[in-house]
Amino acid sequence: MASTGAFMAVTARRTFGNQVQAASPHSISTGPVPSPTVSANPSDKGKRDWPPTVRSYVQRSFADGNILPNIDRKEMEIKLKQVISQSVEAGTLATIDWDSLPLPQVMIQEERRRNHETQFPSIPPIQIGHSTFTNETKSNKRKSSDLGSSDDTGAHTLPWRQSSGRDDFESRLSYPDKRPRNGAGPDSGSSKSNQAPETRKKRFQGPLPGNSPATLLRPWRSSTAHDNQQTELKGPIVGRCQDLEKKYFRLTSAPNPDTVRPLHVLEKTLDHLKKKWRREQKYPYICDQFKSLRQDLTVQRIKTRFTVDAYECHARIALEEGDLSEYNQCQTQLRALYAQNLGGHPLEFLAYRILYFLHTSNRTDMNDLLADLTPTEKQHSAVKHALDARSALALGNYHRLFQLYLDTPNMGAYLMDMFVGRERLSALSAVCRAYKPDVQLRFVTEELGFDSDKDCARFICEHGAPHLLDERDSGVHLLTGKAPGFFESALKTASARPDAKAHV
C-alpha cells in the first residue's frame, strides 16, 4: 500500500488586494481597497483621460477654503483615491454628479460622527452655533405614559426636557429645581429655548461698554469689585471737597472724590480740630473728625510729615481720654510712617510703646523691642524713663517705680495710670508683710505716689479694706497685722479683669 503525504498542495497567491465590489455612486466602502492608478493631482496625466468634472472635484477637494483643520491631507488623499477607484470599478465615472458629491473631508467627518453615535447612543442633542447634530437612536426604557403624560408632542421626551427645552446636563446646571413651574408647557419651554441661544450669542459678541473681557468670563465678579480694581489701576484719587468738618463713614465702595478733602483743606482741618479740642473738649466728636481726616489721607495715599502730625495728634488725644483702641490704631500707622523717615517724634512714641507693654504685661513684644533698641535711643530722656520703669517693675522696686511715676515726661503718665493701680495693690501686699502690726498712712501715701492721704485712704476703701484704717491722735494708721493675704486677693481680682480696649 503506497503511503501518502500529510499535506495538500495549495496554489500560491500572486496578488495582495481583495476584490472590490461595485458600489453605488453615493455608497462608500470603508474596507481596504487596492491603490487606484489615479492621481490626486489633476495635472498628473495617467493612463486614463479623466473627465473635467472629476478634475474639478479634485481641485475643489484641496482648495484652501474647503480644508478642515481636524483632517490631514494624507487622509484626504486616501479617501479621494477610494471614491474615484470605486466609481471606476462600478463604471459610473461619467454618470456621477461630481458637482453635488460631498468632498472627501466631508465624508470623513460624517463617518467619524456616525462612529461616535454608534459608540455613545445616549448622547443628547448638541447645538453648536446654528447647526444641530441629533442622535436618531431613541431610548425605550422610559415612556411618556409611564410618567402620566398624555401629550403626543412629548411622547418620546422626558418631562423635565419638555418644560425647559434644554439638555439634561444644562438643566442640572441652570435649574436645580426640576419640578414643573406654573404655566410651563411646551410653548413656554420652546420660547425659552429660543431665547437661550440668543442670550449666549450676545454674551460673546464683544465686551460691553465699561466691561473688561475678564469680567465677561468671570460673571461672579460684581461691578463694585470691578470699579475698585479700576480705581487701583488708575492710582490714588484727588479730593475736591472743601468742607473743614465731615463725619466719618466706613467705605463700602470706591471713594468719591467729591466727598474727599484735598491736602490743603486737610491742613486747615487739623488746625481747626486742635483749637476746637482745646476749647470744647468733646472727645466723641473730635475722635470722629480725626477718623474722617485719617480716612481722607489714606484714600489719597498721602504720606508726608503732615500725615505724621495728624496721627500723633490723634494718638495724644486718645491717650488723654484713655481710648487705647484708637491709640493702638494710630501707633501702628506711626510705626510704618517713622520707618519712612518722614519726621515726627518717633522716640516719644517709642517710650509710649514700652509703657503700653508694661500695662498689657506683654513680655514677648517687650523683649523684641528691647533687642532692637540702639544706644542712641536708650539715651533719650523719655525712652530712658520708660526703661527705668520696666526695670523697677521687674525687680519689684515699688519705691523707685512710684518715684518715676511722679516724674513721667510727655504724656506717659496717662499710660502709667492704667497699670499703677495694679502695682499699688502689689506694693500694699509687700508693705503689710514687711511692717507689723501697723504703719502710718502718710508713709504709705509717700511710698505709693499718692497726692494726699485722702487719696490713699480712698484707694484702700475702694478695694474693700476700710476696716484696716485706724484713726489715732498721731494720725491715721494702716493695720497691716490684720491684713494677711487681703491685698493679694484684691490683686488677683484686679488682674483677672483685663481691659477690653487694651487688646484690640
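A crossing of two helices is called left-handed if the near helix is turned anticlockwise from the far one by less than a right angle. Keep that idea in hand as we walk through this structure, which is a predicted model.

Let's start with the whole protein chain. It contains 21 helices and five strands. Of its 504 residues, 32% count as buried. The accessible surface comes to about 32100 Å², and carbon and sulfur atoms account for 52% of that. Look also at how the chain meets itself: among contacts between residues at least 6 apart in sequence, 59% join residues at least 24 apart.

Now find two helices, H9 (residues 263-280) and H11 (residues 305-321). Their axes come within 11 Å and cross at roughly 25°. Angles under 35 degrees count as roughly parallel, so H9 and H11 are roughly parallel to each other. This is where our opening definition helps, for H9 passes H11 in a left-handed crossing.

Which residues meet there? On the H9 side, they are Leu-263, Leu-266, Glu-267, Leu-270, Lys-274 and Trp-277. Their partners in H11 are Phe-306, Asp-309, Ala-310, Cys-313, Ile-317, Glu-320 and Glu-321. Sorted by class, this contact has eight nonpolar residues, five charged ones and no polar ones.

Finally, visit the loop between helix H10 (283-299) and H11, where you will find Thr-304. Is Thr-304 buried or exposed? The answer lies in between: with a relative accessible area of 32%, Thr-304 is partly exposed, because that label covers values from 20% to 50%. Thr-304 also shows how folding brings up a partner from elsewhere in the sequence: Gly-343 is 39 residues away along the chain, yet the two C-alpha atoms are 8.6 Å apart in space.

Conventions:
Residues numbered from 1 in each chain as written. Predicted model: local features only at pLDDT ≥ 70, side-chain atom pairs only at ≥ 80, totals over all residues. Heavy atoms only, no water. Axes fitted to C-alpha atoms, helices over the stretch in contact; angles between N-to-C directions. Helix = DSSP H or I, 4+ residues; strand = E, 2+ residues; numbered from the N terminus. Parallel < 35°, antiparallel > 145°, perpendicular 65-115°, else oblique. Contact = heavy atoms within 4.5 Å. Nonpolar A, V, L, I, M, F, W, Y, C, P; charged D, E, K, R; others polar. Buried < 20%, exposed > 50% of the residue type's maximum accessible area, 1.4 Å probe, protein only. Areas by Shrake-Rupley, 256 points an atom, 1.4 Å probe, with all protein chains shown as cover.
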